[in-house]
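Here is a walk through one protein model, taken a piece at a time. Keep the structure open as you read.

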Amino acid sequence: MGMSVTISAADEHDAEHILKLQYLCYQSEAELYGDYTIEPLTQTLDDLKAEIARGHALVARLGGEVVASVRGEIDGTGTARIAKLIVHPRMRRHGLGSRLLDAIEQHFAADPAAKRYQLFTGHRSDGNLRLYRKKGYEAVATRQVGPRLTLVTLEKAA
């Protein structure tokens, strides 16, 4: 009998597990863009703990193992900025990223200040772009952040 994946709020005790998973998950992005200095690979544990404390974070667990995560926060303009949706490589293509995105959107939907959801990804990250478009996000801006990386900002109404 297999275990099911559960999604719950993360706290600072999950930070180390999230950071290790983040480092693993962003290796493929770094390779895709030829840049291993991207922020998810250089973020410190203290920075991650502060990010979790400032906003809202979710983890997906398979048994006791953190296998996916997402986090975000609402800014002063009512934009729920969703960030670092990560899924362990062995758990990809099973709908877990979609479930986490739905869950964090539902969390922010409960806040009357939330007017829109916004996230970003790299221009060559086809799987990410496909997921976000399938979930109703539309590109609203692009910004070149390096010689090989352009970030695509996507958003949808809350």
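Start where two helices meet. Ala-15, Glu-16, Ile-18 and Leu-19 in H1 are in contact with Leu-45, Leu-48, Lys-49 and Ile-52 in H4. Bear in mind that this is a predicted model.

How do the two helices sit against each other? Two packed helices are described by the angle between their axes and the distance between the axes. For H1 and H4, the angle is about 115 degrees and the axes are 10 Å apart. H1 is therefore roughly perpendicular to H4, because angles of 65 to 115 degrees count as roughly perpendicular. The crossing of H1 past H4 is right-handed.

Now look at what the helices rest on. The sheet is open and has 7 strands, in the order S1-S2-S3-S4-S5-S7-S6. Its pairing is mixed. Strand S1 (5-9) and strand S6 (138-144) are the edges, and each pairs on one side only. On average, neighbouring strands of this sheet are turned by 25 degrees against each other, direction ignored.

Both helices touch this sheet. H1, residues 15-25, lies across strand S2 (56-62), strand S3 (65-74) and S4. Its direction is at about 95 degrees to S3. H4, residues 45-54, packs on the sheet and touches S2, S3 and S4. The direction of H4 makes about 60 degrees with that of S3.

Just ahead of the helix H1 comes a residue worth a stop. Asp-14 lies in the loop between S1 and H1. Is Asp-14 buried or exposed? Its relative accessibility is 8%, so Asp-14 counts as buried; the cut-off for buried is under 20%. What does Asp-14 touch, leaving aside residues up to four places away in sequence? The answer is Ala-9, Val-59 and Arg-61. With Arg-61 there is also a polar contact: the two side chains are joined at 2.4 Å.

Next, follow the strands through S4. Strands of a sheet pair through backbone hydrogen bonds, either parallel or antiparallel. S4 shows both kinds of pairing. With S3, S4 runs antiparallel, and 6 bridges join the two. One of the bridge pairs is Arg-71 with Ala-83 in S4. S3 and S4 form a hairpin with 4 residues between the strands. In that hairpin, Gly-78 takes a positive phi near 85 degrees.

On the S5 side, the direction changes. Strand S4 (residues 79-87) and strand S5 (residues 116-122) run parallel, joined by 3 bridges. Ala-80 has Tyr-117 in S5 as its bridge partner. Arg-81 has Gln-118 in S5 as its bridge partner.

How well covered are these two strands? S4 is mostly covered, with 7 of its 9 residues buried. In S5, 5 of the 7 residues are buried, so S5 is largely enclosed by the rest of the structure.

Backbone angles give another view of S4 and the loop that follows. Most residues other than glycine have a negative phi, and most peptide bonds are trans. Which phi does Lys-84 have? The value is near 50 degrees, positive in a residue other than glycine. Lys-84 is placed in strand S4. At 13% relative accessibility, Lys-84 counts as buried because the limit is under 20%.

Arg-93 also has a positive phi, of about 70 degrees, although it is not a glycine. Arg-93 is placed in the loop between S4 and H5. Its surroundings are open: Arg-93 has 80% relative accessibility and therefore counts as exposed. The cut-off for exposed is over 50%.

His-94 lies in the loop between S4 and helix H5 (96-109). With a relative accessibility of 64%, His-94 counts as exposed too. How far is His-94 from Leu-129? Along the sequence they are 35 residues apart. In space, C-alpha to C-alpha, they are 17 Å apart.

To recap the route: H1 and H4 pack on each other, and both lie on S2, S3 and S4 of the sheet. S4 is antiparallel to S3 and parallel to S5. The loop after S4 holds Arg-93 and His-94, which count as exposed.

Note on methods. Residues are numbered from 1 along each chain as its sequence is written. Side-chain values use heavy atoms; hydrogens and water are left out. Two strands pair if DSSP finds at least two bridges between them. Axes are lines fitted to C-alpha atoms, for helices over the stretch in contact, and angles run from 0 to 180 degrees between N-to-C directions. Contact means heavy atoms within 4.5 Å. Buried means under 20% relative accessible area, exposed over 50%, partly exposed in between (1.4 Å probe, protein chains only). A polar contact is a pair of N or O atoms within 3.5 Å; within protein, one must be able to donate a hydrogen and the other to accept it, and residues adjacent in sequence count only if both atoms are side-chain atoms. Angles under 35 degrees count as roughly parallel, over 145 as roughly antiparallel, 65 to 115 as roughly perpendicular and the rest as oblique. A crossing is left-handed if the near helix is turned anticlockwise from the far one by less than a right angle, and right-handed if clockwise.
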